[in-house]
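Got your viewer open? Take this tour one stop at a time, selecting as you go.

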Amino acid sequence: MKYTQLGRTGLKVSRLVLGTMNFGPQTDETDSHVIMDAALDAGINYFDTANVYGWGENKGRTEEIIGSWFAQGGGRRDRTVLATKVYGNMAADGETVWPNHDKLSALNIRRAVEGSLKRLGTDYIDIYQFHHIDRRTPFDEIWQAIDVLIQQGKILYAGSSNFPGYKIAQANEAAARRGMVGLVSEQCLYNLYERRAEMEVVPAAQDYGLGVIPWSPLHGGLLGGVIRKETSGGRRASGRTAEALADSAVRAQVQAYEELLDKHGLEPGEAALAWLLTRPGVTGPIVGPRTAEQLRSALRALELELSDEVLSGLDEIFPGPGPSPEAFAW
């Protein structure tokens, strides 16, 4: 396993991040524990979750599964860099959402962090992330709440998720005025197919010293060899992936992608992860395995070195938007 600093911090994290969103909804507690043990044994020390994971009537269930894994001891908590998120309400689907039970008010941050700590069975969170921007709450209030939690030892760092570039700038300028470190990471939708983050989010993160943590690195399976699986009688695309492939232009693009990788003897999913590891500013992509085999496949991406021919071919198939403002102004 290779490690790097998380943005401008002294915190060392693995170049792959274990995403836990499937723990509970798709992977039961026992199998989730097996995957987490395998990840830790492979050297992955950065685990990502959110208070709402579990979804529906089971919001919080994913944090509980991680908490029961920590409770087994063996240095699990000590070796893990734990990241969770705050923003969404914790009411079950269909239940009344009370005022102040969501978003980023100081009140909800205080309430949410206590709930996460209880479910996770720990007394501190390494990286506490804002799951979305809050258009109504000023950053001065947010940072005041975070400063209290840092002083109490309940969190160590703050990060963002799904922030546009200008909000990263606003957040860190507000933090600087208070003499605080500010955001240290940004989780964003970023992969070969979806490269808009390269226009402003990634540059803003680099300028302010945030580690970039891409989520959905396979774009919901679109970059995981979906056409190959269809033609070989395997699992057929569903949901957003099937909708995307219904567009003939997208299908041709994905077909060209798979053919390029077949030519070079590369597995699509592993190559998509390896490509992200070459991108400037990227700390490590989030992989969200449902099974231990999916985790092993993701780990193989660390061993890949994509040739210049493959990298240029990928850029031709999935061209990036280019830098801002040239991408939209000239």
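Let's start with one residue: is Tyr 166 buried, partly exposed or exposed? Select Tyr 166 and turn on the surface: Tyr 166 is partly exposed, because its relative accessible area is 47%. The scale runs like this: buried is under 20% relative accessible area, exposed is over 50%, and partly exposed is in between, using a 1.4 Å probe and protein chains only. Tyr 166 sits in helix α6 (residues 165-177). Now add Asp 28 to your selection: the C-alpha atoms of Tyr 166 and Asp 28 are separated by 39 Å, and the two residues are 138 residues apart along the chain.

Some ground rules before moving on. You are looking at a predicted model, where local features need pLDDT of at least 70 and side-chain atom pairs count only at pLDDT 80 or more, while totals for chains, interfaces and linings use all residues. Residues are numbered from 1 along each chain as its sequence is written, and side-chain values use heavy atoms, with hydrogens and water left out.

**Stop 1: the sheet**

Switch to cartoon view. Helices (H or I, at least four residues) and strands (E, at least two) are DSSP runs, numbered from the N terminus. Find the open sheet of 8 strands, with parallel pairing, and trace its order: β9-β8-β7-β6-β5-β4-β3-β10. The edges are β9 (211-215) and β10 (286-287), each pairing on one side only. Two strands pair if DSSP finds at least two bridges between them. What holds such strands side by side? Strands of a sheet pair through backbone hydrogen bonds, either parallel or antiparallel.

Zoom in on β8 (residues 183-189). On one side, 5 bridges join β8 to β9, and the two run parallel; look for Leu 189 opposite Trp 215 in β9. Strand β7 (residues 155-161) is joined to β8 by 3 bridges, again parallel, and here Ala 158 stands opposite Leu 183 in β8. Because 6 of its 7 residues are buried, β8 is largely enclosed by the rest of the structure. β9 is mostly covered too, with 4 of its 5 residues buried.

**Stop 2: Gln 129**

Next, select Gln 129 in strand β6 (residues 125-130). Gln 129 counts as buried because its relative accessibility is 0%. Show side chains and you can find a polar contact of 3.1 Å between the side chains of Gln 129 and Asp 48. (A polar contact is a pair of N or O atoms within 3.5 Å; within protein, one must be able to donate a hydrogen and the other to accept it, and residues adjacent in sequence count only if both atoms are side-chain atoms.) Not counting residues up to four places away in sequence, Gln 129 touches several others, including Tyr 46, Thr 84, Gly 159 and Gln 187. Contact here means heavy atoms within 4.5 Å.

**Stop 3: Thr 80**

Hop to the loop between α3 (76-79) and β5 (81-86), where you'll find Thr 80. Thr 80 counts as buried because its relative accessibility is 3%. A polar atom of its side chain lies 2.7 Å from the backbone oxygen of Arg 76. Leaving aside neighbours within four places in sequence, Thr 80 is in contact with Leu 40, Asn 45, Phe 47, Trp 69, Phe 70 and Asp 126.

**Stop 4: a covered helix**

Color helix α11 (residues 268-277): 10 of its 10 residues are buried. Among the elements covering them are β9, β10, α10 (248-263) and α12 (292-300).

**Stop 5: empty space**

On a 1 Å grid over the protein atoms alone, a cavity is a set of points where a 1.4 Å probe fits but cannot get out, and a pocket is an open set with protein on both sides within 12 Å along at least five of seven lines; lining residues have an atom within 4 Å of a point. Grid points are joined across faces, edges and corners, and a volume is the space filled by probe spheres set on the points.

The second largest pocket holds about 280 Å³ of space. Select Phe 163, Leu 189, Arg 196, Ala 197 and Val 201, the residues nearest its centre among the 14 that line the pocket. To finish, select Leu 104, Ile 133, Asp 134, Thr 137, Phe 139, Ile 142 and Lys 167, which line the largest cavity, a space of about 40 Å³.
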